[in-house]
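Let's take a walk through this fold, starting from the inside and working outwards. Keep the viewer open as you read.

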Amino acid sequence: MTDNSDVMYRLLVQGVVDYAIYMLSPEGVVSNWNAGAQRAKGYSAEEIVGRHFSCFYTPEEQARNRPSHGLETARREGRFEAEGERVRKDGTLFWAHVIIDAIHDDDGKLLGFAKITRDLTERRAQELSLLQAKSLAESYSAEMASLSTFLDSVITNIPSSVLVQDAVSRHILLVNLQAERLFGNTREQMIGRQLHECLPKALSSFLTTLTDQCLRAEGLHHSETQLHTALGLRTLRSKTLTIRGKDSRSSYVLLIAEDVTDENAAHARIRHMAHHDSLTSLPNRALFRQHLEDALQQGAAAGKLTAALCLDLDNFKNVNDALGHEFGDKLLRAIATRLREVLRTKDTLARLGGDEFAVVLPDLKRAQDAQLTAQRLIDTIEPAFIIDGHSLSVGLSVGIALAPQDQSSPEELLRCADMALYEAKRNGRHRYEYFHPHMDEVAQKRRTIETDLRQAIVDKQLHLHYQPIIDKRESRIIGYEALIRWQHPEHGMIMPLDFIAIAEETGLIHELGALALHDACHEATTWPDGQSVAVNLSPVQFKNSGLLAQVQVALAESGLDPTRLELEITESVLLDNTQANIDTLQRLKALGVRIALDDFGTGYSSLSYLRSFAFDKIKIDKSFVHDMGESLEAIAIIRAITGMGRSLQIEVTAEGVESDEQFMRLKEEGCSHFQGYFFGRPQPAEQRVR
Ligand SMILES: [Mg+2]
């Protein structure tokens, strides 16, 4: 190369602006600089010539010896080529393509390096965005593909049946798995065919109707129908919709059918449960009330009578207590079945709870019809129930109230029937009673007595009076019977007959009983030794498991010798829940107290009672003593009782002795003890006959 051409070449190089072209010494020091280099890197020739070229590298690259690596490679291999980030004078980065060529003289001695750098920042940015677009496009298409697969799988597997038809040709285009099951046909048998070609007639005509409806009118169509399908009789809740295709000529009918048979059944069960008694499946109180209200409205409109009947089982609680709830439940179901059988279809029998049932008799012509039904209900319960080998008899009491004459609102009518039921039970059970307005007055009076009685216990208005009991041999007082009296602040003295029944019904008897035991035992400790005190126990007290403890506490607190306490019970204690009550009697007797059978002769008076428990005493009811002057039967009964007393070695007390004549006669008949006005009336403790 001539000097001239050398100059030209240098000028050419210096004029190139697209490429940074410069020379490095063998050590890497910049020795010249062209216009392209100034443009690319920002340095002027004066600023950079004489500086080491590593200043074009980032500190990280410098730390990794990248500049010397480039020079070494070029020195060793003649050329180094790379792409990477480089630093401009102002510190900004650019993407550079770099070639470093080693330059030797004719003898092969290294003169330095020619370095050509091209700024690729723009091109690289374009490349990068292309790459991003490509990868975006790829991932999007993968997403679309997977979305499509996903949708296919959703349609195939959703529990609803899906069917798509072409709107014009009516060919089936899509069927999912559930539709295959429901229609009992495979996809292959259905796709490309019309409904009537591949489905049973009932199904295909149902689906065709839906399709027709859908095509006639835009929008979503709903229907719910019961159909015979391959899965049996099912209720289908279906939606149909027309879908337009991409071009205006194609449209499709989409049908989605949900099998709601189980759901409907569950709802029906819930509705049934909310309105029926789970034990007997009879309507419950809520449904009963609704039926009663409907019957009253319709009856009023048609001028017919409506009857409400309240039913209560006699003796059911004892069965339940003695044989257990499971047994009681079986009995209730059997009773419900019998009761239902004697009613008309339009009558409602409901179980209101426990052993309480009620009946609505709508549409009656005469009041007598209600009475006939009540009697049928009582009669159907009459024959014994055989359950688990036990033969059981329960009775039925029925209260009847009629609309419109008694009341016309459901609540009031039911309340009237309930009062009539109470009357039926009071009058001896196993019978029916009609409501009568006087029952309302009686009920009101009972409520007043109950309220007053609660107050009386708090205010200590209840006191014991003591009536002497005489011994035959010595004609002296051997003890007293404690009799409760209520000193009412307004009504004066109230006798037990007027409040004990209410105390028994309300449970207040347990408090009254405890009070009597406590007071009587305390009082008796102040009497001469040998005098006993007799306290009456109500059969209801035997239902309280705390009775034994009450007696123990009364004895312990007073310090009374147990042999001086006599407990008087009536036959009904032995009538109800016999074995449990006999057990209680035995435990009481084991405390050392004496047990007397009171009012004997008035109730069932079964002689077997006297064998079932070793009574210490029998008390002949005062009605026999009263009648003995005129009635041979009364004498015969007294004689039978004293005879039995003698043979069983049980003392016999005659109650209600009012004259010396009666006293003499009863002594002759063999009574051992006597009680009555002849010897003394019941008196408060301090005024008692001594
Ligand atoms: Mg008595």
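The model is a predicted one, and a good place to begin is its largest nonpolar core, a set of 63 residues in which Ala482, Ala520, Val535 and Ile620 have the most contacts. The biggest contribution to this core comes from helix H19 (residues 509-524), which supplies seven residues. Pick out Ile620 and look around: once you set aside its neighbours within four places in sequence, Ile620 is in contact with Phe600, Gly601, Val625, Ile638, Ile641, Val652, Thr653, Ala654 and Glu655. There is also a second, separate core, with 51 residues, and Cys310, Ala350, Ala374 and Ile381 are among them. As a backdrop, nonpolar side chains in soluble globular proteins tend to be buried together.

Ala482 is a handy link to the next stop. In strand E18 (residues 477-488), Ala482 is the bridge partner of Tyr466, and Tyr466 takes us to strand E17. E17 covers residues 462-471, and seven of its ten residues are buried, leaving the strand mostly covered. What does E17 pair with? With E18 there are nine bridges, in the antiparallel sense. Strand E26 (residues 683-684) is also antiparallel to E17 and is joined to it by two bridges; here His465 has Pro684 as its partner. Strand E25 (residues 673-674) is likewise joined to E17 by two bridges and runs antiparallel to it, with Asp471 standing opposite His673.

Now step back along the chain to a pair of helices, H16 (residues 410-426) and H17 (residues 437-459). Their axes come within 10 Å and cross at roughly 80°, so H16 and H17 are roughly perpendicular to each other. On the H16 side, the contact involves Met419, Ala420 and Glu423, which meet Met439, Asp440 and Ala443 of H17. Sort the residues of that contact by type and you get four nonpolar, no polar and two charged.

Just ahead of H16 there's a backbone detail to look at. Ala403 and Pro404 are joined by a cis peptide bond, with omega at about 5°. Pro404 sits in the loop between strand E15 (395-403) and H16.

Two aspartates also deserve a click. Asp363, in strand E12 (residues 356-364), has a positive phi of about 60° although it is not a glycine. Is Asp363 buried, exposed or partly exposed? The count is 16 C-beta neighbours inside 10 Å, so Asp363 is partly exposed. Asp388 is in the loop between strand E13 (385-387) and strand E14 (390-392). Its phi is positive too, near 50°, again in a residue other than glycine. Asp388 has 10 other C-beta atoms within 10 Å, so Asp388 is exposed.

Finally, head to lower residue numbers for an open sheet of five strands. Follow the order E6-E5-E9-E8-E7 and you'll find the pairing antiparallel. At the edges are strand E6 (172-175) and strand E7 (221-229), each of which pairs on one side only. From one strand to the next, the twist averages 25°. To see one of these pairings up close, look at strand E5 (residues 161-166) and E6: three bridges hold the pair in the antiparallel sense, and Leu163 has Val175 of E6 as its bridge partner.

Definitions and conventions
Residues are numbered from 1 along each chain as its sequence is written. This is a predicted model: local features need pLDDT of at least 70, side-chain atom pairs count only at pLDDT 80 or more; totals for chains, interfaces and linings use all residues. A residue is buried if 20 or more other C-beta atoms lie within 10 Å of its own, exposed if 12 or fewer, and partly exposed in between; C-beta atoms are placed from the backbone. Helices (H or I, at least four residues) and strands (E, at least two) are DSSP runs, numbered from the N terminus. Two strands pair if DSSP finds at least two bridges between them. Axes are lines fitted to C-alpha atoms, for helices over the stretch in contact, and angles run from 0 to 180 degrees between N-to-C directions. Angles under 35 degrees count as roughly parallel, over 145 as roughly antiparallel, 65 to 115 as roughly perpendicular and the rest as oblique. Two residues are in contact if their C-beta atoms, placed from the backbone, lie within 7 Å. Ala, Val, Leu, Ile, Met, Phe, Trp, Tyr, Cys and Pro count as nonpolar, Asp, Glu, Lys and Arg as charged, and the others, Gly among them, as polar. A nonpolar core is a set of buried Ala, Val, Leu, Ile, Met, Phe, Trp, Tyr and Cys residues joined through C-beta atoms within 7 Å.
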